[in-house]
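Let us read some features of a protein model together. Look at the sequence and the structure first.

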Amino acid sequence: MPAVTKPANQKGDFLVDYESKVFEDVKAAPGEKALVTFHTVAFEGSIGLVNLLQASRLISKGFETSVLLYGPGVTLGVQRGFPKLGDEAFPGHLNYQARIEKILNDGGKVFCCRFALQALYGHGEGALIPGVTPISPLDVLDIVLLHRKEGAFILNTWTL
């Protein structure tokens, strides 16, 4: 059996060069927009959280950023907590809510499809995180088309 001669990794060790950047740091031109769409279920994988982080990055780069929650994506926009709303049942339990609140506080907009909210997931508009704007299901395509017309960067998130 081969002997392991490398010392075990220690807390504080660097395993990769996280400071080296290959590409230029792109910033938005004045008035440039971005739309991040979510058709993914909260807590069913990392994509929802990762792309909420991407939405925050777009805001920090100067893009006028909107987030669209539709289909199962509406599950990212509802208030959570246990045993009461706002109580964190376990570390990370409220990550989605915290990220959406940050996006809103940083000037982003978050829209949520009313059809999926009620018909698919049984929530009313009162369940939404404050600041999330409910929209008609007929607006879901139009927000994408309007952003396309304006030359916006569009990031689509799909998982089931």
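The dialogue below covers salt bridges and a surface patch.

Q: What kind of model is this?
A: This is a predicted model: local features need pLDDT of at least 70, side-chain atom pairs count only at pLDDT 80 or more, and totals for chains, interfaces and linings use all residues. Residues are numbered from 1 along each chain as its sequence is written, and side-chain values use heavy atoms, without hydrogens and water.

Q: How many salt bridges does the structure hold?
A: Side chains of opposite charge can pair when their charged atoms come close. A salt bridge is a side-chain nitrogen of Lys or Arg within 4 Å of a carboxyl oxygen of Asp or Glu. The structure holds 5 of them.

Q: Which residue forms a salt bridge with Lys 33?
A: Glu 150 does, with the closest N and O atoms 3.0 Å apart. This pair links distant parts of the chain, 117 residues apart. Lys 33 is in strand 1, and Glu 150 is in the loop between helix 4 (137-149) and strand 5 (153-158). Helices (H or I, at least four residues) and strands (E, at least two) are DSSP runs, numbered from the N terminus.

Q: Is Leu 15 buried or exposed?
A: Buried means under 20% relative accessible area, exposed over 50%, partly exposed in between (1.4 Å probe, protein chains only). Leu 15 has 65% relative accessibility, so Leu 15 counts as exposed. Leu 15 lies in the segment before strand 1 (33-39).

Q: Which residues share a salt-bridge network?
A: Salt bridges with shared partners join Asp 25, Lys 27 and Lys 61 into one network.
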